[in-house]
Amino acid sequence: MARLLPTQTDAAVERSDNPAVLSLDDDTTREVIEALSSETAYEIFQLLNETPATPARIAEQLGQSLQNVHYHLENLEAAGVIEVTDTCYSEKGREMSVYVVSEDPTLLFLGTEDDRPSLKRAFKSFASLLGPPSILLAIGESISQFITTE
């Protein structure tokens, strides 16, 4: 008999090109640092960076209790670094949230809000330095892969 409710998700990790920039005087910064400060929370975040997962799958993969995983997921979601992306159902028909890292990457800047203009200038300078050489490295890597596959 075919299942009426999905037991798996087709969600994927997707990232935007618009990172959130947090500075030391930003209230959200403390929340993010506290949410990621435990080893378990950090492992959950790393796992969700690779693939979306339900709390049960996370608990199984990390060898943690479901209660402990739920605790860390709540903290990470409150800090805005993960979000619910989908819903699927267990074999028993229970609804399960599917978590994934937030679409907007987060950049933690160890300066104040007043330092942001200098951060932007530094990134522009860094990007202009890496521009041509990084393009050459990418072309070289592509050629190398092409040659080794033949």
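Below, a trainee and a mentor chat about a predicted model of a protein chain.

Trainee: Okay, where do I start? How many helices and strands are there in the protein chain?
Mentor: There are 5 helices and 4 strands. Keep in mind that this is a predicted model.

Trainee: And what pattern does the chain follow along the sequence?
Mentor: It reads β-α-α-α-α-β-β-β-α.

Trainee: What share of the residues counts as buried?
Mentor: Of the 150 residues in the protein chain, 25% are buried. The accessible surface comes to about 10,400 Å², and carbon and sulfur atoms hold 53% of that.

Trainee: What about contacts, how much comes from residues far apart in sequence?
Mentor: Take the contacts with a separation of 6 or more: 63% of them join residues 24 or more positions apart.

Trainee: Let's go inside. Which residues of the largest nonpolar core touch the most other members?
Mentor: That core has 20 residues, and the ones touching the most other members are Ile44, Leu48, Ile58, Leu73, Leu76 and Ile82. Two or more residues each come from α1, α2, α3 (55–62), α4 (66–79) and β3. Helix α2 gives the largest share of this core, with 5 residues.

Trainee: Pick Ile58, then. What is it in contact with?
Mentor: Leaving out neighbours within four places in sequence, Ile58 contacts Ile44, Leu47, Leu48, Ala53, Val69 and Leu73.

Trainee: And Leu62, where does that one sit?
Mentor: Leu62 is in helix α3. Its relative accessibility is 24%, so it counts as partly exposed. Setting aside residues within four places in sequence, Leu62 touches Glu43 and Ile44.

Trainee: How far is Leu62 from Thr40?
Mentor: C-alpha to C-alpha they are 8.2 Å apart, with their positions 22 residues apart in sequence.

Trainee: Is Thr40 buried or exposed?
Mentor: Thr40 is buried, because its relative accessible area is 14% and the cut-off for buried is under 20%. Thr40 belongs to helix α2, residues 39–50. Beyond four places in sequence, Thr40 touches Gln64, Asn68 and His72.

Trainee: Switching topic: how many salt bridges does the structure hold?
Mentor: Just 1. Glu34 pairs with Arg30, and their closest N and O atoms are 4.0 Å apart.

Trainee: Where do those two sit relative to each other?
Mentor: Both are in helix α1 (residues 27–36), and they are 4 residues apart, so about one helical turn separates Glu34 from Arg30.

Trainee: Why can side chains like that pair at all?
Mentor: Opposite charges can pair when the charged atoms come close.

Trainee: Are Glu34 and Arg30 buried or exposed?
Mentor: Glu34 is partly exposed at 48% relative accessible area, while Arg30 counts as exposed at 60%.

Trainee: Now the strands. How do β2 and β3 pair?
Mentor: Strand β2 (residues 82–89) runs antiparallel to β3, and the pairing covers 7 bridges. One facing pair there is Val84 and Tyr99, with Tyr99 in β3.

Trainee: What goes on between the strands of that hairpin?
Mentor: There are 5 residues between the strands, and Gly93 takes a positive phi near 90 degrees.

Trainee: Why is β3 described as largely enclosed?
Mentor: Because 5 of the 7 residues of β3 (residues 95–101) are buried.

Trainee: Back to the outside. Which residues make the nonpolar surface patch?
Mentor: Leu24, Ile33, Leu108 and Leu110 make it, and the patch is about 400 Å². Leu110 lies in the loop between β4 (106–109) and α5 (116–149), and Leu110 is exposed at 66% relative accessible area.

Trainee: And Leu108?
Mentor: Leu108 is in strand β4 and counts as partly exposed, at 40% relative accessibility. Leu108 and Leu24 are 84 residues apart in sequence, yet their C-alpha atoms are 8.2 Å apart. Not counting residues up to four places away, Leu108 touches Leu22, Thr29 and Ile33.

Trainee: Last one: what does Arg116 touch?
Mentor: Arg116, which is in helix α5, touches Val21, Leu22, Ser23, Asp26 and Phe109, again skipping residues up to four places away in sequence. The C-alpha atoms of Arg116 and Leu22 are 9.6 Å apart, with 94 residues separating the two along the chain.

Technical notes:
Residues are numbered from 1 along each chain as its sequence is written. This is a predicted model: local features need pLDDT of at least 70, side-chain atom pairs count only at pLDDT 80 or more; totals for chains, interfaces and linings use all residues. Side-chain values use heavy atoms; hydrogens and water are left out. Buried means under 20% relative accessible area, exposed over 50%, partly exposed in between (1.4 Å probe, protein chains only). Contact means heavy atoms within 4.5 Å. A salt bridge is a side-chain nitrogen of Lys or Arg within 4 Å of a carboxyl oxygen of Asp or Glu. Two strands pair if DSSP finds at least two bridges between them. Patches are made of residues with over 30% relative accessible area and no salt bridge: like charges are joined within 9 Å, nonpolar side chains (Val, Leu, Ile, Met, Phe, Trp, Tyr) within 5 Å. Accessible areas come from the Shrake-Rupley method with a 1.4 Å probe; for residues, only the protein chains shown count as cover. A nonpolar core is a set of buried Ala, Val, Leu, Ile, Met, Phe, Trp, Tyr and Cys residues joined through side-chain atoms within 4.5 Å.
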